[in-house]
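I opened this entry to note how the helices and strands are arranged. I looked up the pieces one at a time.

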Amino acid sequence: MPAKISILLPIFNGERYLEKSINSVLRQTLENFELIIVDDGSNDSSADIARKYCAKDKRLRFFEHQQNQGLFSTYNHCLELAEGEYVKPFAQDDLLNEKAVEKMHAVLSEDDSIALVAC
């Protein structure tokens, strides 16, 4: 089985894009991942959307900040929660091609001297 990938998704008032973003992660051909979602004090329905998806898939984990702490602090919180061997920063308005994580993982697995893959 390929190494576990931690996909880090900080969110803040992202209801407009969030479902499409999460769905693009759920369609990945490499299925050994966790999606860590941290809501940074949103005042829209972002947290409700995230909870709905987390209730349906055990690979998704949701956490909340009661007050906004800022993007980089929230990314750091995601990273602290990550359990995977590799991490993939992700944004609430990003979309992943269904083979993105698989292809990035393949590059990392081919050569131990490669430390970073981006798309």
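The notes below go through the sheet and then the helices.

**Sheet.** I am working from a predicted model. I looked up the strand order first and found an open sheet of 4 strands, arranged E3-E2-E1-E4, with parallel pairing. I noted strand E3 (60–65) and strand E4 (86–89) as the edge strands, since each pairs on one side only. I also looked up the twist: on average, neighbouring strands of this sheet are turned by 20 degrees against each other, direction ignored.

**E1 and E2.** I checked how strand E1 (residues 5–11) is joined to strand E2 (residues 33–40) and found 7 bridges, with the two strands running parallel. I picked out one residue, Ile11, and its bridge partner in E2 is Asp39.

**H2 on the sheet.** I then looked at what packs on the sheet: H2 does, and it touches E1, E2 and E3. The direction of H2 makes about 155 degrees with that of E3.

**H1 and H2.** I turned to the pair formed by helix H1 (residues 18–26) and helix H2 (residues 46–56). Their axes come within 10 Å and cross at roughly 25 degrees. The angle is under 35 degrees, so I count H1 as roughly parallel to H2. I recorded the crossing of H1 and H2 as right-handed.

**Contact residues.** On the H1 side I listed Leu18, Glu19, Ile22, Asn23 and Leu26. They meet Ser46, Ile49, Ala50, Lys52 and Tyr53 in H2. I sorted the residues of this contact by type and got 6 nonpolar, 2 polar and 2 charged.

Terms used: Residues are numbered from 1 along each chain as its sequence is written. This is a predicted model: local features need pLDDT of at least 70, side-chain atom pairs count only at pLDDT 80 or more; totals for chains, interfaces and linings use all residues. Side-chain values use heavy atoms; hydrogens and water are left out. Axes are lines fitted to C-alpha atoms, for helices over the stretch in contact, and angles run from 0 to 180 degrees between N-to-C directions. Angles under 35 degrees count as roughly parallel, over 145 as roughly antiparallel, 65 to 115 as roughly perpendicular and the rest as oblique. A crossing is left-handed if the near helix is turned anticlockwise from the far one by less than a right angle, and right-handed if clockwise. Contact means heavy atoms within 4.5 Å. Ala, Val, Leu, Ile, Met, Phe, Trp, Tyr, Cys and Pro count as nonpolar, Asp, Glu, Lys and Arg as charged, and the others, Gly among them, as polar. Two strands pair if DSSP finds at least two bridges between them.
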